[in-house]
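Trainee: I would like a close look at the disulfide of this model. Please set it beside the sheets and the enclosed spaces.

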Amino acid sequence: MAGLAALLCFIWIPISALADDPYRFFDWNVTYGDIYPLGIKQQGILINGQFPGPDVFSVTNDNLIINVHNSLPEPFLISWNGVQQRRNSFEDGVYGTTCPIPPGKNFTYILQVKDQIGSFFYFPSLAFHRAAGGFGGIRILSRPLIPVPFDEPAGDFTVLIGDWYKANHTNLKAKLDFGKRLPFPDGILINGRGPNGHTITVDQGKTYRLRISNVGLEHSLNFRIDGHKLILVEVEGTHTLQTTYTSIDVHQGQSVSVLVTADQPPKDYYIAVSTRFTTTVLTSTAVLHYSNSNQPVSGPPPSGPTIQIDWSLNQARSIRTNLTASGPRPNPQGSYHYGLINTTRTIRLASSAGLVNGKQRYAVNSVSFIPADTPLKIADYFNISGVFRIGSIADSPTGQGIYLDTSVLPADYRAFIEIVFENHERIVQTWHIDGYSFWVVGMDGGTWSAASRNEYNLRDAVSRCTTQVYPKSWTAIYVALDNKGMWNVRTEFWARQYLGQQFYLRVYSPVQSIRDEFPIPKNALLCGRAAGRRTRPL
């Protein structure tokens, strides 16, 4: 206890977190270790010896104190996909906001899951580490007095799915650094295991919640369970209309919650996950095991959709917000009438691929992001000039060839804006914005225009933090910029992110107030041009 007390004395904790909100403490050791997910030995990233890493359990407004020991021989960072880091982008865990944890050192993240519920995940954000593991589930439960629009399930399971390579992440990274594209993945993992390597045990007649996250590197995946219906109840922190599906698409970086009732004869059933929109279809399986079963799985796993775009688009449009259900607070989710608010700005973002100096790069509005020598948020805090240029990326496509820059797009704090993601390529992409949830108001094929707004859903669009954009298509979102800070906007196609398809959104106000943004954490690591400075007096 003496060591813990000393740690808490050293760590800065936001004033708003000192009231009645509980604390949860985690101590993680990050190491390399041997893993065999597809039957051959690989170097994996383990957290406390686990692959995947341990789940983070929390309740709305909890304070999470996560002490990460980096026992790798290189710098390391963890980012928290979907956790909004209200007023505190310093803790976001991407290189644009947070200095890496040096080898043999530790860093304590102080997160508050302020006004959030739902299913998310964490992952390592540097050096293509994500291809080696180091990821795990995050669940944020509603507070006890807040009604949830479905009965408490008999069990609650994290299901992490994703495409996977047999090659070590160091080999994949070297290929990207050399300017080459990655080959097609070798398989699909379900909770870190290959075909039939993972089992979920259920009791006949009971209903269970599955929190499914696509933590993979590249491909959209379809999830299904033989003979069982999936009732969608939550998407990245939003309670949805409870629509029933036989299978559901989960695109890169996305998270969904479904209810599954064990209402079939007692035996074992295939859980199947397969790639979408690929010429070669990868499929993997797990097992749904009835506790009173004595019959193993047999025969082929259930088939699912493969290349059908319209099927997926129609399903995406059917996912709507449950307007009468409570969110993190007791007031209904429909209380915020986003469709009645006038947008003050439209930002159009177009992805592209090409060669720069003979090497493969990816870009947003022609700019392929390159990291600066100092995290952008830290440079901004200390007013260190020359690290980045505000406005180094245009807010609409320029038609130029791809070029390299540390791209930062300025935006006004408390603005309400429209963002249109334009995909002129022949692949499905997903986009994520750190620090925010946004309303997915429209998506369709072809070219976006002002007339496209006539088809927007301005009543019950789902609010989430990651959205897909179909080939030769567009997706439009509305977002209230109510979270001041430096926020990463990125593709979840991880090789493209690594090679430049990302930028930072600087949500800024000249007013310096703890009401709007916390000061730099006292324990923040300082690196690059900020090395040797002091955060604040201890």
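Mentor: The answer below starts with the disulfide and goes on to the sheets, the cavities and a pocket.

This is a predicted model, in which local features need pLDDT of at least 70 and side-chain atom pairs count only at pLDDT 80 or more, while totals for chains, interfaces and linings use all residues. Residues are numbered from 1 along each chain as its sequence is written, and side-chain values use heavy atoms, with hydrogens and water left out.

A disulfide is taken here as a pair of cysteine sulfur atoms within 2.5 Å. A search of the whole structure finds one. The two partners are Cys 99 and Cys 527, with sulfur atoms 2.1 Å apart. The angle about the S-S bond is -90°, and the link of Cys 99 and Cys 527 is left-handed. Cys 99 sits in the loop between S5 and strand S6 (106-112), and Cys 527 in the segment after strand S34 (502-508), so the link ties together parts that are 428 residues apart in sequence. Strands here are DSSP runs of E with at least two residues, numbered from the N terminus.

Buried means under 20% relative accessible area, with a 1.4 Å probe and protein chains only. Cys 99 counts as buried because its relative accessibility is 2%. Cys 527 is also buried, at 18%. Another cysteine, Cys 465, has a relative accessible area of 1% and is buried.

Both strands named around the disulfide, S5 and S34, belong to sheets. Two strands pair if DSSP finds at least two bridges between them. S5 is in an open sheet of four strands with mixed pairing, in the order S3-S8-S7-S5. Strand S3 (56-59) and strand S5 (78-81) are at the edges with a single partner strand each, so one side of each has no neighbour in the sheet. From one strand to the next, the twist averages 20°, an angle between N-to-C directions on a scale from 0 to 180 degrees, with axes fitted to C-alpha atoms. Within this sheet, strand S7 (residues 118-124) and strand S8 (residues 136-141) pair in the antiparallel sense over five bridges; Ser 119 stands opposite Arg 139 in S8.

S34 is in an open sheet of six strands, also with mixed pairing, ordered S24-S26-S34-S33-S28-S31. Its edges are strand S24 (389-390) and strand S31 (466-469), each with a single partner strand, so one side of each is left without a neighbour in the sheet. S24 pairs with strand S26 (residues 407-412) in the parallel sense over two bridges, and Arg 389 stands opposite Ser 407 in S26.

For the enclosed spaces, a 1 Å grid over the protein atoms alone is used: a cavity is a set of points where a 1.4 Å probe fits but cannot get out, a pocket is an open set with protein on both sides within 12 Å along at least five of seven lines, and lining residues have an atom within 4 Å of a point. There are seven cavities of 30 Å³ or more. The largest cavity holds about 70 Å³. Its lining has 13 residues, with Phe 135, Gly 162, Trp 164, Leu 189 and Val 215 nearest the centre. Strand S9 (residues 155-164) gives the most to this lining, with five residues.

The second largest pocket has about 540 Å³ of space. It is lined by 26 residues, and Arg 181, Glu 218, His 219, Ile 427 and Phe 493 are the closest to its centre.

How values were computed
Grid points are joined across faces, edges and corners, and a volume is the space filled by probe spheres set on the points. Buried means under 20% relative accessible area, exposed over 50%, partly exposed in between (1.4 Å probe, protein chains only).
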